[in-house]
Amino acid sequence: MSFYKPETVECNGEQFKVLLSQQELENRISEIGEEINRDYADKRPILIGVLNGAFIFLADLMRHISIPCEVDFYKLSSYGDEKVSSGKVQQRKDIDANITGRHVIIVEDIVDTGLSANYIMNIVNRKKPASVEWVTLLKKSEALKYHVDIKYVGFEIPTLFVLGYGLDYAQEGRNLAQIYVLDGELPEEGEKTD
Ligand code: IMP
């Protein structure tokens, strides 16, 4: 299978370069899958993806999970078409599953300010699950404004706008197989964190 993973990409008139390669993503997602297999053996967790951004990460993560598990989705919107959050979260789709008494793992593409995660936490807790944990592929290390305990973090990244692997810029770029960052925004070459 061939994936769309150029070295640089133009999106909405701006230039982006690779921050995390397909191989780095694959390796880390496989590790997280193994951790979930260990932590949730015999618990039949339900993974709840947060659309739209998490759909690719969730699909890849689930294929590294070898214990019985289920899946459902919330759909939220907060960014609109901008590079900064609108600061308002709107729920566009509820989950269908009954999660009362279930072990829930919420799957996010990226936790930025934590506003969306906080919003979901409130809705999920009202449904009285047995447990709730979070997994996010990316976490912006210095952007958190709302408290959220995230058990599984793929990568801590600088507080910069990123694109690809499900994440969009004005709805473009989700189909990129790697994570990209605005060219010129990284302080120094090689300073990415994992
Ligand atoms: P938060 O509510 O501020 O934590 O933002 C979470 C949501 O904003 C994510 O699920 C993404 O949809 C979106 N988001 C945050 N940072 C970025 C980014 O750098 N690129 C694209 N989307 C982002």
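# Close-up views of a predicted model

**View 1. Helix 3 and its buried face.** In this predicted model, the residues of helix 3 that are buried are Leu115, Ser116, Ala117, Ile120, Ile123 and Val124. An α-helix has 3.6 residues a turn, so residues three or four places apart point the same way. The buried residues of helix 3 pack against strand 3 (46-51), strand 4 (70-77), strand 5 (90-93), strand 6 and strand 7 (131-140). The length of helix 3 can be checked against expectation, because its 12 residues, at 1.5 Å a residue, should span 16 Å, and the 17 Å between its end C-alpha atoms agrees with that. Just after helix 3, the backbone at Lys128 adopts a positive phi of about 55 degrees.

**View 2. The shell of residues around the ligand.** The ligand is surrounded by 17 residues, of which Asp112, Thr113, Gly114, Ser116 and Val162 are the closest. Sorted by character, the residues of this shell comprise eight nonpolar, four polar and five charged. Strand 6 (103-111) and helix 3 (115-126) each contribute at least two residues to the shell, and strand 6 gives the most, with four residues. Ser116, one of the closest residues to the ligand, is also one of the buried residues of helix 3.

**View 3. Polar atoms facing the ligand.** Which side chains place an N or O atom 2.9 Å from an oxygen atom of the ligand? The side chain of Asp109 does so, and the side chain of Lys140 likewise has an N or O atom 2.9 Å from a ligand oxygen atom. At Asp112 the atom concerned belongs to the backbone, where an N or O atom lies 2.8 Å from an oxygen atom of the ligand. Taken on its own, the ligand has 490 Å² of accessible area, and the protein covers 92% of it.

**View 4. Glu70 and its surroundings in strand 4.** Glu70 belongs to strand 4, and with a relative accessible area of 24% this residue is partly exposed. The side chain of Glu70 forms a polar contact with the side chain of Arg44, at 3.0 Å. If neighbours within four places in sequence are set aside, the residues in contact with Glu70 are Arg44, Pro45, Ile46, Leu47, Met62 and Arg102. Leu47 lies 23 residues from Glu70 in sequence, while the C-alpha atoms of the two residues are 6.0 Å apart in space.

**View 5. Helix 2 and the cis peptide bond at Asn52.** The buried residues of helix 2, which runs over residues 55-62, are Ile56, Phe57, Leu58 and Leu61. The elements that cover these buried residues include helix 1 (22-39), strand 3, strand 4, strand 6 and strand 7. In the loop between strand 3 and helix 2 sits Asn52, which is joined to Leu51 by a cis peptide bond with omega of about 5 degrees.

**View 6. Helix 1 along its length.** Do the end C-alpha atoms of helix 1 lie at, or away from, the separation expected for 18 residues? At 1.5 Å a residue, the 18 residues of helix 1 should span 26 Å, and the end C-alpha atoms are 26 Å apart, so the two values agree. Buried in helix 1 are Gln22, Leu25, Arg28, Ile29, Ile32, Gly33, Ile36 and Asn37, and these residues pack against strand 2 (14-20), helix 2, strand 6, strand 7, strand 8 (152-157) and strand 10.

**View 7. The loop between helix 1 and strand 3.** Asp42 lies in the loop between helix 1 and strand 3, and its phi is near 70 degrees, a positive value in a residue other than glycine. Is Asp42 buried or exposed? Asp42 counts as exposed because its relative accessibility is 82%, where the cut-off for that class is over 50%. Lys43 is placed in the loop between helix 1 and strand 3 as well, but at 36% relative accessibility Lys43 counts as partly exposed. Lys43 and Val111 are 68 residues apart along the chain, and their C-alpha atoms are separated by 25 Å.

**View 8. Ala170 in the loop before strand 10.** Ala170 is located in the loop between strand 9 (162-163) and strand 10 (179-182). Although Ala170 is not a glycine, its phi is positive, at about 50 degrees. With a relative accessibility of 24%, Ala170 counts as partly exposed.

Terms used
Residues numbered from 1 in each chain as written. Predicted model: local features only at pLDDT ≥ 70, side-chain atom pairs only at ≥ 80, totals over all residues. Heavy atoms only, no water. Near = heavy atom within 4 Å. Polar contact = N/O pair within 3.5 Å; in protein donor to acceptor, adjacent residues only side chain to side chain. Areas by Shrake-Rupley, 256 points an atom, 1.4 Å probe, with all protein chains shown as cover. Nonpolar A, V, L, I, M, F, W, Y, C, P; charged D, E, K, R; others polar. Expected span 1.5 Å × (residues − 1). Buried < 20%, exposed > 50% of the residue type's maximum accessible area, 1.4 Å probe, protein only. Contact = heavy atoms within 4.5 Å.
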